[in-house]
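Got your viewer open? Let's take a walk through this protein, one selection at a time.

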Amino acid sequence: MRIVVVSDTHMPHSAKTIPAKLRKALESADFILHAGDWCTPDTVRAFEAYAPVDGVAGNNDGRELVERFGLKKKIELGGVRIGIVHGHGYGGTTESRALQAFRNDQVDVILFGHSHVPLVRQEGDVLLFNPGSPTSKRTQPRHSFGIWEIKDGHLRTKHVYF
């Protein structure tokens with residue numbers, strides 16, 4: 001199973017359309033996960049044109065997106081338990097807030113966004129993954145998103161930079 005992982009698209013503010021590099025990856029996606037800050041329902045529809053989509057709402061998402069996706073969720077894909085949260089809030093770092101959100105849950109990986117800083121790091125038994133942003137790199141040298149491959153219950157992750 002090939003999953004394209006994104007966050008912080010901030011469309012149409014940061015980009016009017018999905019960037020070409022990301023569109024190319026979406027063409028072969030079996031599933032798309034988004035860790036929030038879509039900004040509009042039109043952004044969701046743009047991703048749904050490629051593959052099934054799930055995710056959470058972020059701090060820049062309105063009521064409609066919060067009601068559809070929620071602010072935190074657990075799903076399982078290909079035998080991998082995934083926690084998804086945007087990571088906004090008060091106290092600590094974005095990374096620590098993401099970890100705290102799932103402190104009482106059994107997850108293999110936590111997908112989060114908010115900081116726009118790509119990250120992949122093991123914390124005990126849990127893999128933390130932030131795909132960065134494909135449209136708003138902020139202080140980062142490049143835009144980014146993630147690709148996850150799940151086979152036989154094993155997860156391989158990578159960032160795609162452009």
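Before the first stop, a word on names: helices and strands are DSSP runs numbered from the N terminus, a helix having at least four residues and a strand at least two. Keep in mind as well that you're looking at a predicted model.

**Stop 1: the whole chain.** Show everything as a cartoon. You should find 4 helices and 10 strands. Following the sequence, they come in the pattern β-α-β-α-β-α-β-β-α-β-β-β-β-β. The C-alpha trace spans about 40 × 35 × 35 Å along its principal axes. How does the radius of gyration fit with a compact globule? For 162 residues such a globule would have a value near 15 Å, and the protein has 14 Å, so the two agree.

**Stop 2: the surface.** Switch on the surface view. About 7800 Å² is exposed, with 48% of that supplied by carbon and sulfur atoms. Of the 162 residues, 53% are buried. Now colour by charge: there are 21 positive and 18 negative side chains, and the centres of these two sets are 5 Å apart.

**Stop 3: an unusual loop.** Go back to the cartoon and select Pro12, which sits in the loop between strand 1 (2-6) and helix 1 (20-26). Check the peptide bond from Met11 to Pro12: it is cis, with omega near 10 degrees. Next, select His10, in the loop between strand 1 and helix 1. Its phi is positive, near 45 degrees, and His10 isn't a glycine. Is His10 buried or exposed? It counts as buried, because its relative accessibility is 9% and the cut-off for buried is under 20%.

**Stop 4: another positive phi.** Jump to Arg138, in the loop between strand 8 and strand 9. Arg138 isn't a glycine either, yet its phi is about 50 degrees. This residue is exposed, at 54% relative accessible area.

**Stop 5: the rings.** Time to show the aromatic side chains. The structure holds 4 aromatic pairs. Select Phe129 and Trp148: their ring centres are 5.5 Å apart and their planes meet at 85 degrees, so this pair is edge-to-face. The pair links distant parts of the chain, with Phe129 in strand 8 (residues 126-130) and Trp148 in strand 9 (residues 144-151), 19 residues apart. Phe129 is buried, at 0% relative accessibility, and Trp148 is buried with a relative accessible area of 0%.

For a last selection, pick Trp38, Phe47 and Phe69, which ring pairs link into a cluster.

Technical notes: Residues are numbered from 1 along each chain as its sequence is written. This is a predicted model: local features need pLDDT of at least 70, side-chain atom pairs count only at pLDDT 80 or more; totals for chains, interfaces and linings use all residues. Side-chain values use heavy atoms; hydrogens and water are left out. The radius of gyration is taken over C-alpha atoms; the globule rule is 2.2 Å times the number of residues to the power 0.38. Buried means under 20% relative accessible area, exposed over 50%, partly exposed in between (1.4 Å probe, protein chains only). Accessible areas come from the Shrake-Rupley method with a 1.4 Å probe; for residues, only the protein chains shown count as cover. Lys and Arg count as positive and Asp and Glu as negative; His and the chain ends are not counted. The place of a charge is taken as NZ of Lys, CZ of Arg, CG of Asp or CD of Glu. Rings of Phe, Tyr and Trp (its six-membered ring) pair if their centres lie within 6.5 Å; planes under 30 degrees apart count as stacked, over 60 as edge-to-face and the rest as tilted.
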